[in-house]
Amino acid sequence: AKEAGRNTSRFFCDALHAKASRQLQLENLLRKALEKNEFSLHYQPQYRMSCRNDVDRSGLMHECISNQMIGCEALLRWNNAELGNVSPAEFIPIAEATGMIESIGEWVIREVCTQVRQWQDAGVEPFRVAINLSPRQLFNPNFEVMVYRMLRESKLDPCWLEMEVTENILMLDIREATEKLNQLRNMGVKISVDDFGTGYSSLSYLKKLPIDSLKIDRSFVQDLERCPDSTAIVQAIISMAKQLKLSVIAEGVETEEQATFLAGNGCTDLQGYFFNRPLSAKAFTAYLMSSAEH
Ligand code: C2E
Ligand code: CA
Ligand code: CA
Ligand code: CA
């Protein structure tokens, strides 16, 4: 028994050690990632469904769903020579904890502004691009000045930029967050609450916060078919958004059934693998050019 105990603690010790050394390795490589140009952005399109009823030759009513691209979300990618592709779910928390997220986040905003300027110069019909913000970025005292400068340098109308913040960021410091978001919104930038429904914000706060839209979290969308609770939660979020005059979008839509349910219940803006995976800048640009031809 004594031997077994020793083995178990050795096992946990090794596991902890492996985790810690992976963290440390990521941290060290992350420090050089910006100067080595290892980051890139992928773009995932967002669509608006419009439902209309059609009568086919046999006289049956059909609900036709057509979709128009209304925007996209920029998602950070890190490719390192040693590690290959590392998921943002793994490296963003490290970047956040070490403070590196501030310079990485600044790179993301600059990259998006530059990219949007290129699309607009190429004659692409303008659309909104959403960026994910982490708490450190939003609460940095120079943040809004930096955003303002980048928008001006790339001669972009701020209305094409959207910032996604999670509920929990807002709850960290309601007063400060409200002030920050107000500054961004006064500039003309749009604000969206990401992963909505998973955090702890209350309705009374939601009413006071300067936000434009709610993004229904993927977990609820994915449980739609299986779990009646999720159906109720999704319907409640949609009606709440309508009451508060906020727009609402669902993420993580993977099936036609999910899309039909959401659109049928009043959430017509959708994003997910059912429509498109996040695409590299090159692939997304090609997609934009080919849609413009038709
Ligand atoms: P998020 O903001 O909730 O982004 C949505 C995530 O869901 C993305 O993962 C996206 O690729 C994935 N996704 C999209 N459609 C589907 C679908 O239909 N099914 C499933 N299963 N997944 C889908 P990704 O790109 O790995 O990003 C993970 C998280 O990393 C993001 O979650 C966001 O919190 C964070 N992140 C990504 N880019 C940035 C960034 O530039 N800055 C900051 N601060 N965080 C970022
Ligand atoms: Ca997001
Ligand atoms: Ca999300
Ligand atoms: Ca998320």
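1. Let's start with the calcium ion (ligand 2) in this predicted model. Its protein donors are E73 (OE), N132 (OD1), E164 (OE) and D194 (OD), at 2.1 to 2.3 Å from the ion. Donors here are N, O and S atoms within 2.8 Å of the metal (3.2 Å for Na, K and Ca), and water is not among the atoms, so sites may look incomplete. Along the chain, these donors follow the spacing E-x58-N-x31-E-x29-D. The pair N132 and D194 links distant parts of the chain: N132 sits in strand β4 (residues 128–132) and D194 in strand β6 (residues 190–196), 62 residues apart. Helices (H or I, at least four residues) and strands (E, at least two) are DSSP runs, numbered from the N terminus.

2. How exposed are these two donors? N132 is partly exposed, with a relative accessible area of 30%, whereas D194 is buried at 7%. For these labels, buried means under 20% relative accessible area, exposed over 50%, and partly exposed in between (1.4 Å probe, protein chains only).

3. Now for the calcium ion (ligand 3). Its protein donors come from D194 (OD), D195 (OD) and E251, the last listed with two OE entries, and they lie 2.2 to 2.5 Å from the ion. The spacing of these donors along the chain is D-D-x55-E. D194 bridges the calcium ion (ligand 3) and the calcium ion (ligand 2), which lie 3.8 Å apart.

4. D195 is in strand β6 and E251 in the loop between β8 (247–250) and α11 (256–264), so this pair ties together parts that are 56 residues apart in sequence. D195 is partly exposed, with a relative accessible area of 25%, while E251 is buried at 11%.

5. A word on the cysteines: the structure holds zero disulfides, a disulfide being a pair of cysteine sulfur atoms within 2.5 Å. For C113, the nearest cysteine sulfur is that of C159, 12 Å away. C113 counts as buried at 2% relative accessibility, and C159 as partly exposed at 23%.

6. K190 is worth a look too. This residue is found in strand β6 and is partly exposed, with a relative accessible area of 24%. Leaving aside residues up to four places away in sequence, K190 touches R128, C159, L161, E162, M163 and D212, where contact means heavy atoms within 4.5 Å. The C-alpha atoms of K190 and P158 are separated by 8.1 Å, although the two residues are 32 apart along the chain.

7. Finally, the chain as a whole. There are twelve helices and ten strands, and the C-alpha atoms fill a box of roughly 75 × 55 × 40 Å along the principal axes. Of the 294 residues, 43% are buried. Among contacts between residues at least 6 apart in sequence, 71% join residues at least 24 apart.

8. As for the surface, the chain exposes about 15,900 Å², with carbon and sulfur atoms supplying 51% of it. Accessible areas come from the Shrake-Rupley method with a 1.4 Å probe; for residues, only the protein chains shown count as cover.

9. Two notes on conventions. Residues are numbered from 1 along each chain as its sequence is written, and chains are lettered from A and ligands numbered from 1 in the order in which they are written. Local features need pLDDT of at least 70 and side-chain atom pairs count only at pLDDT 80 or more, while totals for chains, interfaces and linings use all residues; side-chain values use heavy atoms, with hydrogens and water left out.
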